[in-house]
Amino acid sequence: MASVTFRDVRKAFGAVEVLHGISVGIEEGEFVVLVGPSGCGKSTLLRMLAGLEHVTAGEIWIGDRVVNALPPKERDIAMVFQNYALYPHITVAENMGFSLKLKGVKKVEIAERVKPAAEILGLSHLLDRYPRQLSGGQRQRVAMGRAIVREPQVFLFDEPLSNLDAKLRVSMRSEMKNLHQRLKTTTVYVTHDQIEAMTMADKIVVMHDGIVEQVGRPLELYDQPNNLFVAGFIGSPAMNFLTGSLDPADRGTFVTGDGARLPVAKPVKAEPGQELIYGVRPEAIHLGGEVPLSVTVVEPTGSETHVVARLGASELTGVFRERIAARPGEALNVAFDPTAVHVFDARSGVRLSA
């Protein structure tokens with residue numbers, strides 16, 4: 001395995017720059033997820049690491065080598081795509097060993113490397129089948145097995161689970177995390193699904209409009225988002241946002257544009273009258289307080305109840321462990337956990353609370 005380093009990496013298509021100076025370090029053996037909305041540049045960055053896109057400026061390092069000018073086959077990486085890209089006319093075993101065959105590796109050695117990879121992925125009983133005889137999850141495991149037998153320094157995954165159904169995605173997330181714990185190979189994984197990022201990553205790189213908004217461990221990003229974008233992107237349901245300012249006479253109280261008074265426990269570095277955004281996660285809203293909400297929608301999920309409600313002109317989502325029988329239009333009194341509140345500058349989006 002090897003470390004990966006991006007140093008002020010830029011990418012332009014003609015006059016349009018899509019990556020604006022990406023600098024990120026990935027340690028040996030880390031599972032790092034590049035996450036962000038469609039068009040943020042995460043797949044382009046991965047393709048540049050793989051050698052499938054030209055680097056306009058900056059340097060990409062794999063281990064102690066700058067790989068900007070190296071062709072993909074010399075970078076010692078293996079990539080798994082969203083499309084399984086299996087050859088339909090050859091068996092699972094032949095698909096897994098195909099890259100080794102192209103390198104001229106002897107059949108005996110190919111078989112020796114395919115066998116343990118198949119055992120790890122639960123494919124041993126499927127080696128003689130053809131891709132058309134496999135389920136979607138099995139095909140994805142074959143694509144992963146093809147990468148494993150190459151024994152690369154770095155694994156690259158480009159949204160590999162997006163073609164699977166919801167239940168299979170959950171099980172494949174667990175399988176991939178377990179696989180990484182066994183192989184301990186440096187892994188760079190691209191997804192737009194922040195749940196995948198939160199559950200799988202050692203470290204997350206949040207991207208937006210060609211820049212890195214924040215890098216950190218999953219719970220660091222969840223608990224201490226640097227800005228409004230990260231706060232709103234990480235977490236499901238998303239963080240609630242309300243516009244207003246601090247009470248000049250009581251900086252522990254936030255006053256919304258509708259006059260609602262909400263608690264703030266952490267110090268906020270803001271000027272008097274400065275326009276601010278109050279952020280509170282749905283699970284930090286509790287029943288039985290003094291903040292009156294007007295219920296819009298109640299969504300029971302079994303273990304939790306999601307309630308969409310209005311506070312003045314603003315819409316909020318609360319997640320409650322209790323089973324709530326409220327109907328649309330009814331009042332629901334709640335309390336906000338002041339220790340879980342974040343305050344952001346409305347203009348820059350930067351978090352101002354400690």
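**Exercise 1. Locate Asp-76 in this predicted model, then describe its phi and its exposure.**

Solution.
- Start with the place. Asp-76 sits in the loop between strand 5 (65–66) and strand 6 (77–80).
- Take the backbone next. Phi of Asp-76 is near 60 degrees, a positive value in a residue other than glycine.
- Set that against the general pattern. Most residues other than glycine have a negative phi.
- Finish with exposure. The relative accessible area of Asp-76 is 31%. Buried means under 20% and exposed means over 50%. Asp-76 is therefore partly exposed.

**Exercise 2. Where does Lys-184 lie, and what is its phi?**

Solution.
- Lys-184 belongs to the loop between helix 5 and strand 8 (186–191).
- Its phi is positive, about 55 degrees, although Lys-184 is not a glycine.
- Gly-104 also has a positive phi, about 85 degrees, and comes just after helix 2.

**Exercise 3. Find the peptide bond between Ser-236 and Pro-237 and state whether it is cis or trans.**

Solution.
- Read omega. The value is about -5 degrees.
- Assign the bond. Ser-236 and Pro-237 are joined by a cis peptide bond.
- Recall the general case: most peptide bonds are trans.
- Place the proline. Pro-237 is in the loop between helix 8 and strand 11 (240–247).

**Exercise 4. Work out how helix 4 packs on helix 5.**

Solution.
- Set the ranges. Helix 4 covers residues 136–148 and helix 5 covers residues 166–183.
- Take the geometry. The two axes come within 11 Å and cross at roughly 20 degrees.
- Classify the angle. Angles under 35 degrees count as roughly parallel, so helix 4 is roughly parallel to helix 5.
- Add the hand. Helix 4 passes helix 5 in a right-handed crossing.
- List the contact residues. Helix 4 supplies Gly-136, Gly-137, Gln-140, Arg-141, Met-144 and Ile-148. Helix 5 supplies Leu-168, Met-172, Glu-175, Met-176, Leu-179 and Leu-183.
- Sort this contact by class. Seven residues are nonpolar, three are polar and two are charged.

**Exercise 5. Which residues of helix 2 are buried, and which helices do they pack against?**

Solution.
- Helix 2 spans residues 92–102. Its buried residues are Val-92, Asn-95, Met-96, Gly-97, Ser-99 and Leu-100.
- These buried residues pack against helix 3 (107–121) and helix 4.
- Now take the pair of helix 2 and helix 4. Their axes come within 7 Å and cross at roughly 35 degrees. The crossing is right-handed.
- Name the partners. Val-92, Asn-95, Met-96 and Ser-99 of helix 2 meet Val-142, Gly-145 and Arg-146 of helix 4.
- Sort the contact of helix 2 with helix 4 by class. It has three nonpolar, three polar and one charged residues.

**Exercise 6. Analyse the ring pair Phe-229 and Phe-233.**

Solution.
- Begin with the total. Rings pair if their centres lie within 6.5 Å. By this rule the count is eight aromatic pairs.
- Test the pair. The ring centres of Phe-229 and Phe-233 are 5.6 Å apart, with planes at 15 degrees.
- Assign the type. Planes under 30 degrees apart count as stacked, so Phe-229 and Phe-233 form a stacked pair.
- Look at the spacing. Both residues are in helix 8 (residues 228–233), four residues apart. That separates them by about one helical turn.
- Check burial. Phe-233 has 16% relative accessibility, so it counts as buried.
- Look for a cluster elsewhere. Ring pairs link Phe-31, Phe-155, Phe-157 and Tyr-189.

**Exercise 7. Describe the surroundings of Val-24 and Thr-256.**

Solution.
- Val-24 lies in strand 2 (residues 16–26). Its relative accessible area is 7%, so Val-24 is buried.
- Leave out residues up to four places away in sequence. Val-24 then touches Val-4, Thr-5, Phe-6, Val-205, Val-212 and Val-215.
- Check one partner. Val-24 and Thr-5 are 19 residues apart along the chain, with C-alpha atoms separated by 5.9 Å.
- Thr-256 lies in strand 12 (residues 250–256). Its relative accessible area is 8%, so Thr-256 is buried.
- With the sequence neighbours left out as before, Thr-256 touches Leu-242, Thr-243, Gly-244 and Leu-262.

**Exercise 8. Summarise the chain: how many helices and strands, and what share of residues is buried?**

Solution.
- The chain has eight helices and 19 strands.
- Of its 354 residues, 48% count as buried.
- Take contacts with a separation of 6 or more. Residues 24 or more positions apart account for 66% of them.

Note on methods: Residues numbered from 1 in each chain as written. Predicted model: local features only at pLDDT ≥ 70, side-chain atom pairs only at ≥ 80, totals over all residues. Heavy atoms only, no water. Axes fitted to C-alpha atoms, helices over the stretch in contact; angles between N-to-C directions. Helix = DSSP H or I, 4+ residues; strand = E, 2+ residues; numbered from the N terminus. Parallel < 35°, antiparallel > 145°, perpendicular 65-115°, else oblique. Left-handed = near helix turned anticlockwise from the far one by under 90°. Contact = heavy atoms within 4.5 Å. Nonpolar A, V, L, I, M, F, W, Y, C, P; charged D, E, K, R; others polar. Phe/Tyr/Trp six-rings, centres within 6.5 Å; stacked < 30°, edge-to-face > 60°. Buried < 20%, exposed > 50% of the residue type's maximum accessible area, 1.4 Å probe, protein only.
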